[in-house]
Amino acid sequence: MVDAFLFWFLAIVTVLAGLSVVLMTNPIYSALSLVMTMVGVAALFVTLEAYFLAGVQLIVYAGAVMVLFVMVLMLFDLKHELQAFTRGKITGGVKIASVGIIAGLVVGAITLGTKALELSKAGAETSKPVVDSTKALAENLFLKNVFGFEALGVVLLVIAVGTVALSRTKGGTHARD
Amino acid sequence: MPLGGVIFITLFIAVFGVILIFLARATGGKAKRTNQAKMEIYECGIPEQEKKDTKISVKFYLTAILFILFDIEIIFMYPWAVHFKEFIANSYGPFVFISMMVFLAIFIFGLWWEIKSKALEWD
Amino acid sequence: MMNMGSTPFEITVNIIKTVLVFLMMVQLVPILVWVERRGSAFIQNRFGPNRIGPLGLMQLLADAVKFLTKEDFVPDKGNKYLFYAAPVFALIPAAIAYMAIPMSTPLIIGDSKFLIQGFEINVGIVFILGISSLAAYTILMAGWGSGSKFSLMGAMRASAQIISYELALGLSIVGVIMTYGTFNLTDIIQAQQGHLSFSFFSHQIESAFLPNWGIFYQPLGAIIFLAATFAESNRLPFDLAEGEAELVAGFHTEYGGFKMLMFFIGEYGHMMIASGLMATFFFGGYGIPYVTTKEVYEFFLSSTGVETTAHVLNTLVHFLSYNIKFIFFLWFFIHVRWTLPRFRYDQLMDLGWKTMLPWALANTIVTAIIIFASAQFSF
């Protein structure tokens, strides 16, 4: 019973934070709500007993990616964006359209989910309990899918080179303040 | 993992902080005597000089992006490090070692290139 | 999931324990500030506060009352919600991360086992790193909510510094994780008992002289970790975020009164996490050198004969041992602050990216090679 209460509380917090990303006018508030959504998703990972993944979600998503977002947003002068998004029929239309898409996704998820629930009840009794999730992760990464792992390293290298090259096209890293 | 405990103590600390702020407001009082000079930003005592077109350095963005990339690479090292001795005991040692060394070689090359190309020179 | 105990008695005790650990952190801050002010005064060859109370101990109480009665306003261009939210948010990551550090052996009374820490996390290190990487948001919210360019630039520089040193922090711990093979902090402490003994190329090396502490296994990792945690908590010599002569006070220029104190509670909280982790990873945690926790418990059991008393005494002795190491590192933080000059910002970023990150990588690679070679080959 306590598990159910915890899950519903976390789910409602995450969904509310996600909604406020879309519906708030100030972009900084949106970015901070996205941080709250990431933290909520990490907590939901803990309810699924994926402890290491929850920690990684906190370190990488909420601690690195969102810091980048918030830093860059704070460096800009946002008065024009604020005015552009708070009035007019176009923004109202955009908001209604986004709510409509979310409603469609929710209805589709429920419809498909009930079908998936019937299928998985048959397989639930035969699944073995998860003992050590990091061991399975390590085995998959370093033994079975080594090529994908190395390719990921190369992709990260490409991102690094690309970012530095991109920032050099217009004035670059030595731009005077 | 005691998730309920973590959530409880987070809410407790938040409520504690809010109560402290309200306590400070109640005892110290809201700003009663406000004049123009007190509400302005502190800038070494001179009136605020707002330049219209302050260009922000792009180095902050580069630092954050490179931090994300290297953070992801460090995260990949964690499951490897935890089970390293187990893998050695199960005779997967050389394979796992070589795979991670190749990954680290790519990482070191990226770091060396980034240092050599002076991407993070702060002046 | 909500495993805070099985009986209602256990659950209430565990919840009260988390509140107690938080209040302990908050109460430790005035003592630390007093030590800082008196200690810095003696280092600088002057008296510190010595008027109020014996030895100036009541100085912090007077300061707290002064801060409480200060006026409370938001600058015109600031954002009211973020301005108020930032100090409250400063307390949260520091407190939650500190609760995962074990402070003593578990207290076994009858059937229930109480751990002497806030809560037990089985992926301790990853949790602590994740929560303390949320500390960057405090600075960003404070800097932007003040609405001034100085605060914003101070906040940007501070957050860039923090994220640069988080890399060296995360990487220096990889060596420790490789050596002990677990994320759990209690297991790491249990593996650091007794005398130094490990197997090296199938010889068993034992030493009757050195304890089995982590610092003898990972000396370079310990140095890098210590330096990185100095930068994480914005202490001197990495103090440029609050550069007192340059950006006025950095991201907390516009704060006054109790909100400023809450920032300091957060900073000292990060100092406490750093000291606790240093003691846990490299100095044996709550263990007493040269003896194991079981030997101490057997000693108490044989001298008193009652199990409960033996457990309580065991817990107390190990708590004292942890506190000695903890307070030593806190004093070390304060001592270094008043000894070293401050780094310039570009020197600081160069140190983080070009010196500490390559050395931490070298540490990881050498540790991996040694562990691999000593298990595969033998002389």
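The following paragraphs describe chain A, the confidence of chain B, and the contact between chains B and C. The model is predicted, and every value given here was computed from it or reported with it.

Chain A offers a convenient starting point. The secondary structure of this chain consists of seven helices and zero strands. Read from the N terminus, the elements of chain A therefore follow the order α-α-α-α-α-α-α. Chain A has 177 residues, of which 21% count as buried. Contacts within chain A may also be considered by their separation in sequence. Among those between residues at least 6 apart, 55% join residues at least 24 apart.

Chain B may be approached through the confidence of the prediction. The average pLDDT of chain B is 80, and 74% of its residues score at least 70. The elements of chain B vary in this respect: helix 3 of chain B (residues 59-82) has the highest mean pLDDT, 90, whereas helix 2 of chain B (residues 36-39) has the lowest, 58.

The contact between chains C and B comes next. Chain C contributes 66 residues to this contact, and chain B contributes 53 residues. On the side of chain C that touches chain B, at least two residues come from each of helix 1 (8-43), helix 3 (80-98), helix 6 (149-180), helix 9 (258-282) and helix 12 (345-376) of chain C. Helix 12 of chain C gives the most to this side, with 14 residues. By residue class, the side of chain C that touches chain B comprises 43 nonpolar, 14 polar and nine charged residues.

Notes:
Residues numbered from 1 in each chain as written. Chains lettered and ligands numbered in written order. Predicted model: local features only at pLDDT ≥ 70, side-chain atom pairs only at ≥ 80, totals over all residues. Contact = placed C-beta atoms within 7 Å. Helix = DSSP H or I, 4+ residues; strand = E, 2+ residues; numbered from the N terminus. Nonpolar A, V, L, I, M, F, W, Y, C, P; charged D, E, K, R; others polar. Buried ≥ 20, exposed ≤ 12 C-beta atoms within 10 Å, placed from the backbone. pLDDT = per-residue confidence, 0-100.
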